[in-house]
Amino acid sequence: MTANPVSVNSNACLISPEIGKSAIDPAHPPLKLGVLASGSGSNFEVIAQAIQNQQLNAKIPVLIYNNPEAKAAARAEKYGIPSILLNHRDCKSREELDTKIVKTFQEYDVEWVVMAGWMRIVTKVLFDAFPDRVINIHPSLLPSFPGIRAVEQALAAKVKITGCTVHIARLEVDSGPILMQAAVPVLPDDTAETLHARIQVQEHKIMLGALALIAESNRKYCD
């Protein structure tokens, strides 16, 4: 009997474009990344660890989180990165929250904004302050399944392949130029939890890959 190739390797994926490397180069300044996180902060930690291991030419001056119970703050402490709670419940509007975010990032001299599991809709206030410098990660192959519960959307649609996307964010939710994507097969017995877990493995890869692309582009621009 011929084995099902998908069942043999359920972590199989296709990443496009191929992931490059962004080694530390003393001749070029690192990217200054301001990270936004609402939950566990796993993508944040992947970035922090890559920086610590000198695999990514960047630094994180500050992490902002909006949920007092977010585990991202503890991860930041582990890496000696300042973390600041800006609770959206204390703000009267999304614009008020984003104004506080912009002020904080400017105080820490942030150049690029990374939404790493940021569960808030971003407004023009943030985009105007960091034009074409806000990136987001989403658990689907955009433009398919934008918005909330993307994994559940994919399962409901009975697609055979889904994945994740890193893109330059725009005002329209989960839109904007795509930097990198990874395709992940949907298995016959997948649940939202099992599929999301495999997608998250690829999220970590393409987040670093997209940042490496940005770092390389920044290096060429500086040259």
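Is Asp109 buried, partly exposed or exposed? Select Asp109 and look. Its relative accessible area is 44%, so Asp109 is partly exposed. The cut-offs explain the label: buried means under 20%, exposed means over 50%, and partly exposed is in between. Keep in mind throughout that this is a predicted model.

**Stop 1: around Asp109**

Stay on Asp109. This residue sits in the loop between helix H4 (94–107) and S5. Check its backbone. Phi is positive, about 60°, although Asp109 is not a glycine.

**Stop 2: the whole chain**

Zoom out and show the cartoon. The chain has seven helices and eight strands. It is 223 residues long, and 47% of them count as buried. Now switch on the surface. About 11600 Å² is exposed, with 54% supplied by carbon and sulfur atoms. Then think about contacts. Among those with a separation of 6 or more, 67% are between residues 24 or more positions apart.

**Stop 3: the sheet**

Hide the helices and trace the strands. Eight of them form an open sheet with mixed pairing. Read across it in this order: S1-S8-S7-S6-S5-S2-S3-S4. Strand S1 (14–16) and strand S4 (83–85) are the edge strands, each pairing on one side only. Neighbouring strands are turned by 20° against each other on average, direction ignored.

**Stop 4: S2 and its two partners**

Select strand S2 (residues 31–37). Which strand does S2 join through six bridges? The partner is strand S3 (residues 58–65), and the two run parallel. Now add S5. S2 pairs with S5 over four bridges, also in the parallel sense.

Show Leu36 as sticks. Opposite Leu36 in S3 stands Ile64. Opposite Leu36 in S5 stands Met115.

**Stop 5: S5 and the step to S6**

Select strand S5 (112–115). Display its side chains. Trp112 and Val114 point one way, while Val113 and Met115 point the other way. All four residues are buried.

Next add strand S6 (134–138). S5 and S6 run parallel and are joined by three bridges. To find one pairing, pick Val113: its bridge partner in S6 is Val134.

**Stop 6: helix H2**

Bring the helices back and select H2, residues 42–52. H2 lies across S2, S3, S5 and S6. Its direction is at about 155° to S3.

Why is H2 largely enclosed by the rest of the structure? Nine of its eleven residues are buried, so little of the helix is left uncovered. Colour the buried ones: Ser42, Asn43, Phe44, Glu45, Val46, Ile47, Ala48, Ala50 and Ile51.

**Stop 7: Gln54, just past H2**

Move along the chain to Gln54. This residue is in the loop between H2 and S3. Is Gln54 buried or exposed? Its relative accessibility is 54%, so Gln54 counts as exposed. Check phi here too. It is positive, about 60°, although Gln54 is not a glycine.

**Stop 8: a cis proline**

Select Leu142 and Pro143. The peptide bond from Leu142 to Pro143 is cis, with omega near 15°. Pro143 lies in the loop between S6 and helix H6 (150–157).

**Stop 9: Ser175**

Go to the loop between strand S7 (161–168) and strand S8 (178–185), where Ser175 lies. Ser175 has 17% relative accessibility and therefore counts as buried.

What lies 2.6 Å from a polar atom of the Ser175 side chain? Draw the distance: the backbone oxygen of Glu172 is there. Then show what Ser175 touches, leaving aside neighbours within four places in sequence. The contacts are His167, Ile168, Ala169 and Arg170.

**Stop 10: the cysteines**

Finish with Cys91 and Cys164. Cys91 has a relative accessible area of 12%, so Cys91 is buried. Cys164 is at 0%, so Cys164 is buried as well. How many disulfides does a search of the whole structure find? The count is zero.

Technical notes
Residues numbered from 1 in each chain as written. Predicted model: local features only at pLDDT ≥ 70, side-chain atom pairs only at ≥ 80, totals over all residues. Heavy atoms only, no water. Buried < 20%, exposed > 50% of the residue type's maximum accessible area, 1.4 Å probe, protein only. Pairing = 2+ DSSP bridges. Axes fitted to C-alpha atoms, helices over the stretch in contact; angles between N-to-C directions. Contact = heavy atoms within 4.5 Å. Areas by Shrake-Rupley, 256 points an atom, 1.4 Å probe, with all protein chains shown as cover. Polar contact = N/O pair within 3.5 Å; in protein donor to acceptor, adjacent residues only side chain to side chain. Disulfide = S-S within 2.5 Å.
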